[in-house]
Amino acid sequence: MANTGVLPFVRGIDFSNNDFRTSKFPSAVMSMSSVQWLNLNRVKLHEIPEEIGKLGKLIILFLELKDIFSVISMINSIPNQLFVHLTDLLSLDLSNNELQTLPPQMRRLTNLQTLMLNNNPLDHFQLRQLPSMKNLTTLHMRNTHRNLSNMPPSLETLTSLTDLDLSCNQLPKVPDALYTLTNLKRLNLSSNLIIELSLALEVWQELEVLQLSDNELTSLPASLCKLSSLKRLYVNYNKLDFDGIPSGIGKLSALEVFSACGNLLEMIPEGLCRCGSLKKLLLGSNKLITLPDTIHLLKDIEVLDLSNNPHLIMPPKPTSMATDGLQFYNIDFSLQNQLRLAGAVVPSSIQPSQASSRDPIARKLRLRRSKRDHEEEKQAKILKGMQDIANDKNNETFDDCVKAESLNFNKYNANVDENFEPPRPRLYQVKLGMGYLELPQVEILHNTLEHSLLNSKNVYILDSSTDLYVWFGKKSTRLVRAAAVKLSQELFSMIERPDYALTMRIQEGNELQIFKIRFVGWEEVIAVDFTRTAESVQKTGADLTKWAMKQETKHDLAALFTPRQPPMLFNEALQLMQDWNDDLDQMESFVLEGKKFVRLPEDELGQFYSKDCYVFLCRYWVPVDDEEGNEDISEGQPEDFQCVVYFWQGRDASNMGWLTFTFSLEKQFKAMLGEKLEVIRTHQQQENIKFLSHFKRKFVIHSGKRKVKPPPVQLYHLRSNGSALYSRLIEIKPDARNLNSAFCYILKVKFDQEDSNGIVYLWVGSKTDPEDIKLAEEIADDMFNDAWTSLQVINEGEEPNNFFWVALGGEKPYERDAEYMKFTRLFRCSNEKGYFTISEKCSDFCQDDLADDDIMVLDNGEQVFLWLGARSSEVEIKLAYKSAQVIYFI
């Protein structure tokens, strides 16, 4: 390669598919001082040229030397000096070689973003260089002989890693190091030996693609349902059955592809059909019997693969929503019926819908039981045949056996010797050894047989010196059963037995009473319902289950039809606040500092921090009633009092504050006040209205912790929900998008990070209530009344361009109206009372009111939102969904 003077300006060169074994690698490459990418894929080399290590500006390097059809060009080592000067390398591909280790100088590649190591026998390589590559975003180690012993213990330094491929390895489980990669978006663990997944996978909140095909998985953990960003899930060719897929999989709202071909699925959870974004559902080569009825509700489905499921019967397509029956779990959700229960007038235009008798849950359970019932029916037939053969062979009935046993006992009882000992029963277990049969005797403590000695996986022979019993466990193998029959015949003839002695074959679950009496405590108990009378049986029938199915389940949906609580008038709120403060005699405040509570300075009263815990001891006067019922208190008569302790916990505070209070202050208060003490625990933005009234609407919540330097920009939002007593000034994220024309905001901006000087803006929205403006001015004056801060009141549309919009990240569109607050309602759906009930949260609610174990319904007057708690049951989900439909049609 001749030097023409242009080589220093070359930015990239492609040497792929060349043969440098006979001729030397071009030395002119050293003149390419500005080259940034170099392609040596499928190049035939004896060794890696040393010239490559001198290309200091190289960014991308491809060294995939192995050819698909030839193994001549493979390399098994990399020179240590290769990466000494390549510190700017961004992408490195070393796939398809015979590398057994990597040079330690790879630690210098701190800027590396993509590393490809596929198809290399890196058996003993510990990947110790990886933690140094902090900018790595893509790491592919497919077929690199990975196992738990050659994986690093932690990869927490790889905070930028988003794409990881560990497929085609020998991993028996997911390495613990992977759970430290919280920013993963794509993870490929296919073709491994993974048996189970840990619950810790919920840390992958950014994960979008998860490939687990061709493993040994029998179930997926419930924490999988918390991966809210997951779009594609591949679990093909595992051992998953119906119970192996979590029922809460419907919470994966972003899921687009679910592929589970080649498993043991007889049915899929109904929750899978609630994935609203699902486009591809691949269930080929399973054992599907049917699918949930809701499969027809997947309107955006593009690919539905149900091939190679010979026993599959598709469910009938349901009728339209308008004519669909509203009977659900024996609850009539029709609008006409619910209005009637709520005592409202039913409009004539509302016609009742014909209820459907189909219950998808009952249908699913019936299908799951069908196979099990069929097997039990076959076992019962076999047992009956064995009993018939035994009866025909011996020509004796069960009653004759009992009679013979009774006669035999009377014969011995006529003249019993003083030294007589009854024969000791012997219990043998039938086993298959290495090519021969084993019949070990089971050890019986104190010569007392207990039925707990019998294991369903085994076969036992019980010798009572007269009769011989062969007991077959339900899970025993056919070969062991056949061997036990032969052994029982030989054992029966080995000792002399009475003429009436029999060999009986007993199937687990169908034991005869004559066999049970050989065991202590194995009594036949028959349940008798003594509460049933002839009248009740005549009224409900003998089968209570069928009668219960026809009854309407108790439920309470009255809250849906109760009018929204009207907001409290401003004057009424002020009067109520005044009354409660008149009853307040004294209030002492404490704050948690370290591990103990100290008194809160008076100038900080009403100032709360989201990472702190506070305690307020309030003493209230209580009017004393005299014996005649008069409440007038004469002079000198002692007045009664009550003490209430409010424990306030910030949203970001730990529960250690509550534990500290429980074991310190609470014990002291109870020792002093006894029964007159009441403790109320409250969380941020869920405060008691009486508690809020003591701060006279000046309730400020800061972000962070006390005595910690605040950020240079702070934005506070003043709002009240339902009543002026619920007024709070809350610090929010300083962003122009958080503004709203219906509220007031306080913006504090420092001139310098190290300087305490700054400016405070009181931003007044065009639709703000005048009372809120007045309150905001008072709070701003109290909080920032010092010589180093200036206060400016600006109206919406008059914002200065210098500090205001700059502090909020630039001018951005924001909401101009808050009319929704006049109509928004939050309902809670729960089964905690033993039946389905809906209750309404008061108008003062926030995100913290969403309960994880319940379903929440939010109605803003235009749309109805259904929020599913992570720990809510499927029954609650289905009933809440029907309730949301009732709200929609009101």
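Q: How much space lies in the second largest pocket?
A: This is a predicted model. Rolling a probe the size of a water molecule over the atoms shows where empty space is left. For the second largest pocket, that space comes to about 1,200 Å³.

Q: Which residues lie nearest the centre of the second largest pocket?
A: The lining has 37 residues. Elements giving two or more residues to this lining are β29 (713-719), β30 and α13 (770-783). Nearest the centre are Ser720, Asn721, Phe743, Ala818 and Met821.

Q: How many residues of the lining of the second largest pocket are nonpolar?
A: The lining divides into three classes. Charged residues number 12 and polar residues 10. The nonpolar count is 15.

Q: In which strand does arginine 728, the salt-bridge partner of glutamate 687, lie?
A: The closest N and O atoms of glutamate 687 and arginine 728 are 2.8 Å apart, within the 4 Å cut-off for a salt bridge. Both residues are buried. Glutamate 687 sits in the loop between β27 (677-683) and α12 (689-693), so the pair ties together parts 41 residues apart in sequence. Arginine 728 lies in strand β30.

Q: How many residues apart are arginine 651 and aspartate 848?
A: Their side chains form a salt bridge at 2.7 Å, N to O. Arginine 651 is in the loop between β26 (640-649) and α10 (656-663), and aspartate 848 is in the loop between β35 (836-841) and β36 (855-859). The pair links distant parts of the chain, and the separation is 197 residues.

Q: Is aspartate 849 buried or exposed?
A: Aspartate 849 pairs with lysine 841 in a salt bridge, with closest N and O atoms 3.8 Å apart. Lysine 841 is partly exposed at 28% relative accessibility. For aspartate 849 the relative accessible area is 12%. Buried means under 20%, so aspartate 849 is buried.

Q: Which residues are linked with Glu593 in a network of salt bridges?
A: Side chains of opposite charge can pair when their charged atoms come close. The network that holds Glu593 also includes Glu604, Arg706 and Lys707.

Q: How far apart are the end C-alpha atoms of helix α4?
A: Helix α4 (residues 478-494) has 17 residues. At 1.5 Å a residue, the expected span is 24 Å. The model agrees, because the end C-alpha atoms are 25 Å apart.

Q: Which strands are included in what covers the buried residues of α4?
A: The buried residues of α4 include Val480, Ala484, Leu487 and Leu491. Residues three or four places apart in an α-helix point the same way. The cover on the buried residues of α4 includes β16 (426-432), β17 (437-438), β18 (459-463), β19 (468-472) and β20 (503-507).

Key. Residues numbered from 1 in each chain as written. Predicted model: local features only at pLDDT ≥ 70, side-chain atom pairs only at ≥ 80, totals over all residues. Heavy atoms only, no water. Helix = DSSP H or I, 4+ residues; strand = E, 2+ residues; numbered from the N terminus. Buried < 20%, exposed > 50% of the residue type's maximum accessible area, 1.4 Å probe, protein only. Expected span 1.5 Å × (residues − 1). Contact = heavy atoms within 4.5 Å. 1 Å grid on protein atoms, 1.4 Å probe; cavity = no way out; pocket = protein on both sides within 12 Å on 5 of 7 lines; lining within 4 Å. Points joined across faces, edges and corners; volume = space filled by probe spheres on them. Nonpolar A, V, L, I, M, F, W, Y, C, P; charged D, E, K, R; others polar.
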